[in-house]
Structures are given as structure tokens and as C-alpha cells.
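Q: Please take me through the labels used for this model. I want each one set against its cut-off.

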Amino acid sequence: MESVSDELLNADIHDLKRGYKEDSLLDTYTCLVCGYQTEKGIVYQEAGVFYEAEKSMRRHIQQQHHSMLDYLLSLDKKMTGLTDLQRKLIGYFHQGLTDHDIIAELDGGSTSTIRNHRFMLREKMKQAKLFLAVMELMEEGGKNAGRTASVPTKPSQSKLPGAPGISEDEREKIISKYFTAGPEGPLTSFPKQEKRRLAVLRHIAGDFEAGHTYTEHEVNQILEARFEDYVTLRRFLIEYGFLDRKPDGSQYWAKQPENQGKGKKNMKDQQRRKELVNEYMNTPRPMGVFQIRNKQSGKIYVTSSTNMPGAINGQKAKLASNYHVSPELQKDWKELGEDAFAFEILEELRPDPQSPNDLEQQRVYKEKVAQMEKAWLEKLQPYDEKGYNRRPRAK
């Protein structure tokens with residue numbers, strides 16, 4: 001079954017229909033399909049035309065994903081509950097085709113059959129509404145019966161899940177394997193095996209100071225220094241009990257096991273780790289455009305980032321987790337394996353060492369990188385038989 005982002009699976013109907021969610025705390029809009037973000041107050045330029053953040057996000061959905069209906073209909077039928085015929089019919093109904101036109105597209109059938117399918121889809125919609133209401137009422141009951149999260153004033157003494165059966169030597173080998181640039185560097189890939197995953201999550205949880213509360217934005221910044229797909233990291237840290245948060249997501253804090261957070265040595269280690277993480281976050285990363293090339297067919301996928309090492313790791317993680325934005329690339333990756341693909345830098349934008357590493361400068365770099373990507377897309381035309389990128393719709 002095709003995997004999709006955690007943000008999409010937890011989105012409400014309104015956000016699912018438009019394809020993005022709004023974060024009123026961070027003043028951002030986030031694409032539910034690929035995680036692309038725009039920020040309120042910033043004007044985005046495309047081909048000489050300026051767009052405010054939400055309009056730019058809507059254009060992104062249209063240009064990169066065609067439409068949310070197209071994307072949702074492309075998902076595995078185990079996720080949508082729709083048969084292949086029903087998905088085709090929904091597409092035809094959306095286009096406004098007449099029953100006779102649909103019969104022609106299907107190469108057979110009758111108007112009464114088409115009308116019956118339309119009726120059954122409407123009945124399915126009614127059932128879905130009732131089922132959604134039932135589940136929401138069930139969830140509300142569970143929340144009322146459950147505990148209310150509170151922000152601790154001191155480190156929690158709850159027992160965190162460890163990595164059973166892992167010796168100190170094994171733990172060091174796991175950390176060395178998944179943090180190739182050093183224990184304080186970025187995570188190269190997210191492990192699938194639970195024992196390794198627990199060891200990695202416990203290591204990353206050490207980036208958070210005991211007894212301190214964080215905003216979601218601060219959590220994302222800390223985790224992004226470790227791994228581009230910080231949403232996945234955040235979700236697993238919460239699911240495995242290393243982080244806790246308020247129900248509205250306004251505050252996060254670290255849970256500490258009984259054998260951590262005690263003694264001067266641990267305090268010094270934690271302070272040193274915090275300094276190294278801050279140093280890494282404030283060090284400009286290589287920016288630019290890169291491609292994923294199929295060594296056998298020569299097909300390429302072109303993308304860009306203001307953090308290319310993190311983006312390359314993120315692309316590998318999405319492909320390994322089976323939720324890449326390009327279905328064709330995902331299919332070939334699954335069939336051929338990682339060794340059949342090369343990650344190659346096309347153009348690099350070197351940051352000015354004299355410029356401040358502030359939000360405004362990051363926006364400038366982001367716009368420059370986006371223009372570089374546009375130029376490479378026009379040059380290489382990685383569409384159809386030549387590549388895995390989705391061709392922009394004609395204006």
C-alpha cells in the first residue's frame with residue numbers, strides 16, 4: 001500500500017480538499033503531499049509575477065500535484081476504499097462528462113449502469129459522513145476519559161522505552177552507522193528495524209533539555225538539524241515516549257528516564273551537545289540543485305534545497321519509506337533498488353560568509369535556489385520518457 005505523509009493522514013476534510021494546512025502559530029502554509037511551505041508576510045515571485053503566501057501555495061499544488069483530486073485518486077485503493085472503476089468514474093464526473101461520453105470512454109456499458117454507479121457513490125458518501133461523525137464522537141469520549149497533559153516543572157521520572165538487548169558497544173555501532181558525520185551530525189537515514197530506531201531516537205532525544213518547554217517551531221528547528229524529514233522524527237519521538245506535548249501542540253517537552261539527567265557529567269555532556277547542535281544549526285549548509293539519475297534508463301528527477309545534504313538524505317528516506325512524490329521514481333526505486341540510482345549535484349550556491357545567517361537572508365537564498373531549479377528544469381526537461389518530474393500544466 002502506498003505510504004503518505006503523516007500530516008495528510010491527520011488532516012481534516014477542509015485541508016484535504018485544498019491540499020495544504022495553515023499553522024496559525026508559525027504563520028505558515030504546508031503542502032500535505034510533499035511538505036513544501038510558504039510563510040505569511042512573504043511575497044513569492046514566479047515568472048515575474050508576485051503572489052502572497054496562500055496564493056503561492058495554491059499554485060504549488062496545481063503545478064506540482066495537478067490537483068488534490070488527482071492525487072487522492074492516485075492513492076492505493078486500500079487507502080481510499082475505491083475500486084479502479086469507481087476512481088475512473090469520479091474523474092469523469094468531475095470533468096462534467098455526460099453519461100454517453102462516459103460510456104464512450106469506457107468502451108461499453110449503458111446509461112442506467114452509469115446512473116447506478118453515481119447513486120452508489122452518493123450512498124457511499126452518506127455512509128462516510130455518518131462513520132466520520134461516529135469516530136469523532138468516540139474520540140471526544142476518549143479524550144474526556146483520558147488524562148490531561150500538563151507541563152512538568154522538573155524532568156519527568158517516567159520510564160522511557162529503551163532498546164532491549166542492546167549493549168553499549170552495539171549502541172555505539174548503531175550511532176556510528178546512522179550518524180556518519182559524527183554523533184552530533186545529521187542522521188543519514190531513518191532505520192526501519194525497531195531496535196536501531198529506538199537507539200537513534202534515544203540519541204536524538206538528548207538534544208532536548210530536561211525541564212525546558214519548546215514551541216513546535218523550536219522542536220522543528222532542532223530536529224531539522226538532524227534530519228530533513230523532521231515531521232517523521234517528531235512523530236516517532238512522541239509515539240515512543242521521548243517527547244510529550246500539549247493537546248494543541250503549543251508546547252513540547254522532553255521525557256527523561258530515571259537514569260538520565262543526574263550528575264555533573266551528564267549536565268556537562270548535555271550542555272556540550274546543545275552547543276554543538278546550535279553550532280550546526282547556525283552553519284550554512286551547501287545549497288543548490290541536484291538530480292536523482294536512474295543508471296539503467298538515464299531518467300532523472302531534478303529538485304533543489306537550501307540544505308542539499310539534508311535534502312538528499314530526505315529523498316532517500318522518502319523513497320525507502322515508499323512515499324515519494326513521484327510515483328514513477330518510487331516504482332523504479334522499489335524494483336531496482338538504491339544502488340541503481342545516483343545522486344548528482346548540478347549546481348551549487350555558496351553562501352556569503354559575510355552575510356548574516358538570519359531569516360531574511362535565508363529567504364533570499366531560498367528564492368535564488370528556486371530560480372536555479374527552474375532554469376535546470378527548463379534546460380533538462382526531465383518529463384515523460386526523459387525524467388520523473390511532473391510536467392507543469394500549460395498556462
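A: Start with exposure: buried means under 20% relative accessible area, exposed over 50%, and partly exposed in between (1.4 Å probe, protein chains only). This is a predicted model: local features need pLDDT of at least 70, side-chain atom pairs count only at pLDDT 80 or more, and totals for chains, interfaces and linings use all residues. Residues are numbered from 1 along each chain as its sequence is written, and side-chain values use heavy atoms, with hydrogens and water left out.

Q: Why is arginine 58 called partly exposed?
A: Its relative accessible area is 40%. That value falls between the two cut-offs, so the label is partly exposed.

Q: What makes lysine 173 count as exposed, and what is the label for aspartate 169?
A: Lysine 173 has 55% relative accessibility. The cut-off is over 50%, so lysine 173 is exposed. Aspartate 169 has a relative accessible area of 45%, so it is partly exposed.

Q: Why is the pairing of lysine 173 and aspartate 169 called a salt bridge?
A: A salt bridge is a side-chain nitrogen of Lys or Arg within 4 Å of a carboxyl oxygen of Asp or Glu. Here the N to O distance is 3.5 Å, so the pair qualifies. The two residues are 4 apart in helix H9, about one helical turn. Helices (H or I, at least four residues) and strands (E, at least two) are DSSP runs, numbered from the N terminus.

Q: Which residues are joined into one network by salt bridges that share partners?
A: Asp15, Arg18, Glu54 and Arg58. Within it, glutamate 54 and arginine 58 form a salt bridge, with the closest N and O atoms 4.0 Å apart. They sit 4 residues apart in helix H3, about one helical turn.

Q: What makes arginine 59 and glutamate 46 a tie between parts apart in sequence?
A: Their closest N and O atoms are 3.1 Å apart, in a salt bridge. Arginine 59 lies in helix H3 (residues 53-65) and glutamate 46 in strand S4 (residues 44-46), so the bridge links parts 13 residues apart in sequence. Both residues are buried. The whole structure holds 17 salt bridges.

Q: Which members of the largest nonpolar core touch the most other members?
A: A nonpolar core is a set of buried Ala, Val, Leu, Ile, Met, Phe, Trp, Tyr and Cys residues joined through side-chain atoms within 4.5 Å. This one has 29 residues, and Leu187, Leu201, Ile204, Phe208, Leu223, Leu233 and Leu237 touch the most other members. Helix H10 (194-205) is one of the elements that each supply at least two residues. H10 gives the largest share, 6 residues.
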